[in-house]
Amino acid sequence: MPALHQNMIDDIAASTESWRTLRIMAEMVEALDSLNHLRQNCISIFGSARLQEDSPFYRDAERLAALLVRDGYGIITGGGPGIMEAANKGAAEAGGESVGLHIHLPHEQSCNQYVRHRCDFKYFFLRKLMFVKYSMAYIVMPGGMGTIDELSEAFVLAQTKRIRPFPIVLYGREFWEGFVDWMKKSMVAAGTIREEEINRLTHICDTPEEVVELLRRIIVL
């Protein structure tokens, strides 16, 4: 979007809360125009911005992204450092789509150098909408509350059939198994969720190859 037009929208949006809808609309239109070019079916990979190259999960995310590109997928991440950087690196070096949906934050906001197609966001809810719209599956590596937020958003939308169900793969059994066990022992026991919903909507894998094989069985390109 031309800078002059964006500045005008920002000035108007700052004047009243109701006029802020213009900025929201502009950000959505810009994101759709930017991402509609994607030529490949895409997989979103989430994970901590704080896990660096010495982490085995960083190396696994890089390898996993490369394997998925070779299977015909593009890769979408949040565009930041850590696991996101690893996934974008694996995708870019394998010659596939390497997309970063970059959110402006006071910390951990720099966009990694391996993003080949960048889309910037101010609003989290629009960013999450684009993840859902352009993804055929979510792969959720170990992460913090932002990663949990993305996971739970997709889970609820699929659970309530607001979107077509797609695979949500939790990567790292040791990291995620306690979370899944807690859902089954506490939430199922309390009657707030059915165990079949958890089993149907989430899968746990421990290796990049296991993820790729799972997606080959579930997704038909």
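This passage describes the overall build of a predicted model, then one helix, one residue and a set of salt bridges.

The chain has 221 residues. Its secondary structure comprises 9 helices and 7 strands. The radius of gyration is 18 Å, close to the 17 Å that the globule rule gives for this length, so the chain is as compact as a globular protein of 221 residues. The C-alpha trace spans about 50 × 45 × 35 Å along its principal axes. Buried residues account for 48% of the chain. Contacts were also examined by sequence separation. Of those between residues at least 6 apart in sequence, 70% join residues at least 24 apart.

The surface and the charges were considered next. About 11,300 Å² of the chain is exposed. Carbon and sulfur atoms supply 54% of that area. The chain carries 24 positive and 29 negative charges. The mean positions of these two sets lie 4 Å apart.

Helix H4 covers residues 83-93 and is mostly covered. Of its 11 residues, 10 are buried. The buried set includes the charged residues Glu-85 and Lys-89. Ile-83 and Met-84 are buried in H4 as well, as are Ala-86, Ala-87, Asn-88, Gly-90, Ala-91 and Ala-92. Three strands and one helix form the packing partners of these buried residues. The strands are E1 (41-46), E2 (73-77) and E3 (98-103). The helix is H3. Just after H4, Gly-95 adopts a positive phi of about 85 degrees.

Helix H3 spans residues 56-70 and contains Leu-67. This leucine has a relative accessible area of 17%. Leu-67 therefore counts as buried, since the cut-off is under 20%. Beyond its neighbours within four places in sequence, Leu-67 is in contact with Pro-208, Glu-209 and Val-212. Leu-67 and Glu-209 are 142 residues apart along the chain. Their C-alpha atoms are nevertheless separated by 7.9 Å.

The structure holds 13 salt bridges. Three of them are described here, beginning with Arg-118 and Asp-120. The side chains of this pair meet at 3.1 Å, N to O. Both partners are partly exposed: Arg-118 has 43% relative accessibility, and Asp-120 has a relative accessible area of 34%.

Another salt bridge links Glu-197 and Arg-194, with an N to O distance of 3.7 Å. Here the partners fall into separate classes of exposure. Glu-197 is buried, at 8% relative accessibility. Arg-194 is partly exposed, at 47%.

A further salt bridge joins the side chains of Arg-216 and Glu-213 at 3.8 Å, N to O. Both residues belong to helix H9, which runs over residues 208-218. They are 3 residues apart, so about one helical turn separates them. Glu-213 is partly exposed, with 38% relative accessibility. This pair also belongs to a network: salt bridges with shared partners join Asp-71, Glu-213 and Arg-216.

Key:
Residues numbered from 1 in each chain as written. Predicted model: local features only at pLDDT ≥ 70, side-chain atom pairs only at ≥ 80, totals over all residues. Heavy atoms only, no water. Salt bridge = Lys/Arg side-chain N within 4 Å of Asp/Glu carboxyl O. Buried < 20%, exposed > 50% of the residue type's maximum accessible area, 1.4 Å probe, protein only. Helix = DSSP H or I, 4+ residues; strand = E, 2+ residues; numbered from the N terminus. Rg over C-alpha atoms; globule rule 2.2 N^0.38 Å. Contact = heavy atoms within 4.5 Å. Areas by Shrake-Rupley, 256 points an atom, 1.4 Å probe, with all protein chains shown as cover. Charge placed at Lys NZ, Arg CZ, Asp CG, Glu CD.
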